[in-house]
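Trainee: Please pick one loop in this model and go through it closely, residue by residue. Then follow its connections outward and set it beside a few other places in the chain.

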Amino acid sequence: MAAIAAASALLLSGCASGSSADSSSTPTTVSQAEIDKAMETPTTLTFWSWVPIQPEIDLFEAKYPNITVNLVNVGNGDAEFDKIRTALKAGTGAPDVAQMGYQDMPSFRVTDSLLDLTPYGAADLADQYVPWVWNQVSSDSGVFGIPQDSGPMGLLYRSDIYAQAGVTPPTSYDEYTAAAQTIKEKTGSYISNFPSGEPGTILSLLWQAGVKPFTYDGGQNVKIDLTSPEATEVVDYWNNLVKNDLVSVDAEWTDQWYQGLAQGKYASWLTAAWAPLFLEGTAPDTAGNWTATTLPQWKDGDNVSANLGGSANVVLKSTENPIAAYEFAKWINNDPSSTIMLANDQSLFPTTNATLEDPAFVDTTSDFFGGQKVNQLFAEISPTVDTDFDWLPFMSFVGSSFTDTLGKAIADRTDLETGVAAWQQELVDYATQQGFTVEE
């Protein structure tokens with residue numbers, strides 16, 4: 001953890017000075033004439049992304065033949081972000097446009113490294129996107145990315161195991177507990193895995209419950225509240241399942257976890273819209289045995305989901321071609337000819353309203369899911385995600401701290417309240433050490 005803390009301290013103290021162009025040169029409004037001129041001027045853009053998005057780039061270059069986009073995959077997640085920070089600090093080598101997870105954007109906003117896209121017309125796109133998605137890239141201070149994909153959550157379940165246990169998909173979390181007991185007793189399977197290796201699942205479950213564990217104002221003020229009464233209710237719920245051995249506690253993305261998916265160890269999975277296609281490749285022998293439905297609900301009559309994953313394309317403030325870079329980020333994630341390819345060919349779950357309503361996307365059926373229109377289900381789920389959820393500007397540390405605190409409590413099946421209290425304290429201490437003003 002000390003190494004991570006040192007790296008994050010460098011991010012906060014050393015990166016900003018060399019990371020961005022002079023903000024006074026940012027225009028208040030870019031005219032159509034300026035856009036036309038920029039798109040007609042021979043320009044080369046560098047785009048860092050871990051998605052094989054070249055077909056969409058080819059479409060863009062066909063429309064704008066004077067713009068060349070060089071696609072570079074320098075790694076996923078932190079592997080890419082560390083290289084961006086190094087390039088920004090050096091003052092050379094940073095991309096013009098980069099793929100970035102929603103939760104990772106605040107760590108670049110705090111160093112003033114992301115271009116505010118408002119002067120280039122980005123705010124005009126707001127009503128074309130699902131509201132909660134747009135809120136992930138925008139705030140009162142600007143628009144800092146164009147949404148590319150998302151992960152609204154549902155429940156994927158093994159219909160064969162559920163049938164063997166004689167249970168139906170739970171519509172409430174009370175029913176989920178009862179189903180967990182019955183499935184374990186009658187089949188030996190766990191109703192699901194509650195992962196101990198990373199915080200994404202528990203944060204998303206807090207999101208669904210209306211909990212706001214983090215707040216960030218875009219500057220130096222953060223709120224960290226993982227131990228509120230509302231958060232504690234969610235933690236206590238899973239504490240009961242973990243302590244009574246009604247859910248497994250495997251770390252995700254490990255051999256043990258992959259085998260669990262393939263061999264029926266988990267009767268269901270609380271997960272995101274990207275997971276159905278992932279399952280096809282991971283557990284092909286289970287084809288025809290899966291069904292997708294909505295998440296269980298905390299309150300009767302509710303229809304609320306959350307998000308897990310997703311990313312945007314951001315323009316780095318250091319770019320020498322801000323207009324062309326923005327127009328590329330906009331086109332690739334907004335033009336229907338590109339967004340339907342992102343959805344159907346790259347399996348990125350859509351963020352635009354138009355694509356979520358496109359028959360070419362929602363009317364497709366999945367043989368793996370027994371002919372179900374899984375895309376349509378998740379397209380209907382997406383608008384039910386709570387629009388208000390923030391991230392801290394040091395989510396990498398949030399993840400490493402989780403592993404040592406709440407994640408360890410989950411893995412060891414010890415008291416989760418104690419684990420989450422330790423997680424809360426580590427995050428508060430770290431934020432204070434980094435110079436943030438912290439509200440608990």
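Mentor: What follows starts with one loop, moves along its salt bridges, and ends with a second loop and two helix positions.

This is a predicted model, in which local features need pLDDT of at least 70 and side-chain atom pairs count only at pLDDT 80 or more, while totals for chains, interfaces and linings use all residues. Residues are numbered from 1 along each chain as its sequence is written, and side-chain values use heavy atoms, with hydrogens and water left out.

The loop is the one between helix H10 (229–243) and helix H11 (255–263), and Asp 245 is found there. Helices here are DSSP runs of H or I with at least four residues, strands are runs of E with at least two, and both are numbered from the N terminus. Asp 245 has a phi near 55°, a positive value in a residue other than glycine. Trp 253 is found in the loop between H10 and H11 as well, and its phi is positive too, at about 65°, although Trp 253 is not a glycine.

Next comes exposure. Buried means under 20% relative accessible area, exposed means over 50%, and partly exposed covers what lies in between (1.4 Å probe, protein chains only). Asp 245 is partly exposed because its relative accessible area is 27%. Trp 253, with a relative accessible area of 35%, is also partly exposed.

Asp 245 also has a charged partner. Side chains of opposite charge can pair when their charged atoms come close. The rule used for a salt bridge asks for a side-chain nitrogen of Lys or Arg within 4 Å of a carboxyl oxygen of Asp or Glu, and by this rule the count comes to 11 salt bridges. One of them joins the side chains of Asp 245 and Lys 184, at 3.0 Å from N to O. Asp 245 sits in the loop between H10 and H11 and Lys 184 in helix H8 (residues 173–187), so this pair ties together parts that are 61 residues apart in sequence. Lys 184 counts as partly exposed at 23% relative accessibility.

Helix H10, on one side of the loop, takes part in a link of its own. The side chains of Asp 415 and Lys 243 meet in a salt bridge with an N to O distance of 3.7 Å. This pair connects distant parts of the chain, 172 residues apart, with Lys 243 in helix H10 and Asp 415 in the loop between helix H19 (406–412) and helix H20 (416–433). Asp 415 is partly exposed at 27% relative accessibility, and Lys 243 is partly exposed with a relative accessible area of 48%.

A local pair can be set beside these two. Lys 330 and Glu 327 form a salt bridge between their side chains, 3.3 Å from N to O. Lys 330 is partly exposed at 23% relative accessibility, whereas Glu 327 counts as buried at 5%. Both residues lie in helix H13 (residues 322–334), three residues apart, which is about one turn of the helix. Back at the starting loop, salt bridges that share partners join Asp 245, Lys 184 and Arg 413 into one network.

A second loop, between strand S10 (290–293) and strand S11 (307–315), holds Asp 302. Gln 297 lies in that loop as well. Gln 297 is buried, at 7% relative accessibility, and Asp 302 is partly exposed, with a relative accessible area of 35%. Contact means heavy atoms within 4.5 Å. Leaving aside residues up to four places away in sequence, Gln 297 touches Thr 171, Ser 172, Tyr 173, Gln 208, Asp 302, Asn 303 and Val 304.

Two buried helix residues complete the tour. Val 374 lies in helix H17 (residues 374–381) and is buried, with a relative accessible area of 6%. Its contacts, not counting residues up to four places away in sequence, are Pro 276, Ala 292, Ser 366 and Phe 369. Gly 407 is found in helix H19 and is buried, with a relative accessible area of 2%. With the same exclusion of residues up to four places away in sequence, Gly 407 touches Ser 196 and Phe 402. The C-alpha atoms of Gly 407 and Asp 255, 152 residues apart along the chain, are separated by 18 Å.
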